[in-house]
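Trainee: I am new to this structure and would like a close look at one part of it, the strands that pair with one another. Could you take me through them slowly, with enough of the whole protein to place them?

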Amino acid sequence: MATGAGDQYWGEPGLPSVFKHDLLRRYLPRFAGKTGSRARGVVYLDGYAGRGRYQDGSPASAERILQIAENQGAQGINYRLFFYELDQDSYAVLKPVVDEYVARGVQAEAANDEVISGLGDVIAAAKDLPLFLFLDPCGLGLPFQVLVDTLTGPRAAKWPPTEVLLNFSLDAVRRIAGHMTSATPNETTMVRLDEALGGIWWRDLVRHGVSDQAVNEIVRGFVELLGQATRMQIFAIPVRRAPWQKPVYFLVFGTRSSLGIWHFADDTARATETWWQTLDAREAARLEEIGQEALFDLPDPARLDEVEAAARSVVAENIARLVADRSACRMGDYPAEVFGEYLGRVRETVVRAAIKDLHADRRTPSDGKGGRIADLVVSPPR
């Protein structure tokens, strides 16, 4: 199983963590608000909780969830939180952080143990309640079959809902897959990847080397297998340390709700903007510290406003095709069809703008006004 991150990691949040934490901050209250209001509360599992707080005092994922639970608890949405952390040094920091919030009324518990040992308790606690699983190991996580068993069985129903967000480590995949062409391959290590990916199918993809294409095919294969085995809709997001670097991992989100995909994708775009703003602020601070100005601008990947400007006409055509094929459609029921290649890259506000464009061109009687964007119904032209 994955081991804990070291002191260097826990100095301050890196850019991948900035993105991940902002995404959790946005999406989890939405999940709890929409589901916990219909139930007696929600259950949350952080299976690789880490230390909970960085050395600079800023909250890591565990404390961010504790803060969300405290804030939404004041609004009548009750959380029961489970944190598992095997690394003793990390747990020694995590436990007092959890205890601070328990003392203020948050229902939470931390265990110095493998998450796999506590899955039964978590599932039992979530009987008749919505369940959100956050699995963020430093390397390989749960064996594929254990993950599938956790997400099916009593958690296979659409209600109460079960959703999962897991870290699919590309560093671990690249490192272990490299054994396939190594002069001294370690079969035991490769078997661990077999177990994590649900079979030996990945080996053929890297038989001639660990290329970017092969790694992408492994991610695609894992996502397809997980979706088929759990009957969940799966959405995978690449996470980078810098705009021009290869992804270090994918965040893989699973849900049985189209609206879940819709809202998670919207929050992904907004968290990406936070990632960019943090990158800009840190670079500006670095240059100020050394007393220099940027001598030239590196070629930037497109920012959010540029991507949304390009996406608007594409989304409009996607909507036009959708309603031509299916007649009147509620937008939130068809996130993949509406956004296409821009799913997770642009905010839902692009959809309202696209509907207004179609209306102005007399291609739909729907005008895009009023209500939540996901609930807007678009009809074909009369």
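Mentor: What follows begins with the whole protein, turns to the paired strands, and ends with one residue of a helix. This is a predicted model, in which local features need pLDDT of at least 70, side-chain atom pairs count only at pLDDT 80 or more, and totals for chains, interfaces and linings use all residues. Residues are numbered from 1 along each chain as its sequence is written, and side-chain values use heavy atoms, with hydrogens and water left out.

The protein has 13 helices and 9 strands, which are DSSP runs numbered from the N terminus (helices are H or I with at least four residues, strands are E with at least two). Its radius of gyration, taken over C-alpha atoms, is 22 Å, close to the 21 Å that the globule rule (2.2 Å times the number of residues to the power 0.38) gives for 382 residues, so the protein is as compact as a globular protein of that length. Of these 382 residues, 51% are buried, where buried means under 20% relative accessible area, with a 1.4 Å probe and protein chains only.

Strand β1 covers residues 42–46, and 5 of its 5 residues are buried, so this strand is largely enclosed by the rest of the structure. V42, Y44 and D46 point one way from β1, whereas V43 and L45 point the other way, and all are buried. β1 pairs with β2 in the parallel sense over 5 bridges, two strands being paired if DSSP finds at least two bridges between them. Within that pairing, V42 has Y79 of β2 as its bridge partner.

Strand β2, residues 79–84, also pairs with β3 in the parallel sense, again over 5 bridges, and here L81 has A108 of β3 as its bridge partner. A108 belongs to an alternating pattern along β3 (residues 107–111): A108 and A110 point to one face and are buried, while Q107, E109 and A111 point to the other and are not buried.

A helix residue can be set beside these strands. T278 lies in helix α10, residues 258–289, and T278 is buried, with a relative accessible area of 18%. Apart from its neighbours within four places in sequence, T278 is in contact (heavy atoms within 4.5 Å) with L15 and V18. The C-alpha atoms of T278 and G14 are separated by 9.8 Å, although the two residues are 264 residues apart along the chain.

Technical notes
Buried < 20%, exposed > 50% of the residue type's maximum accessible area, 1.4 Å probe, protein only.
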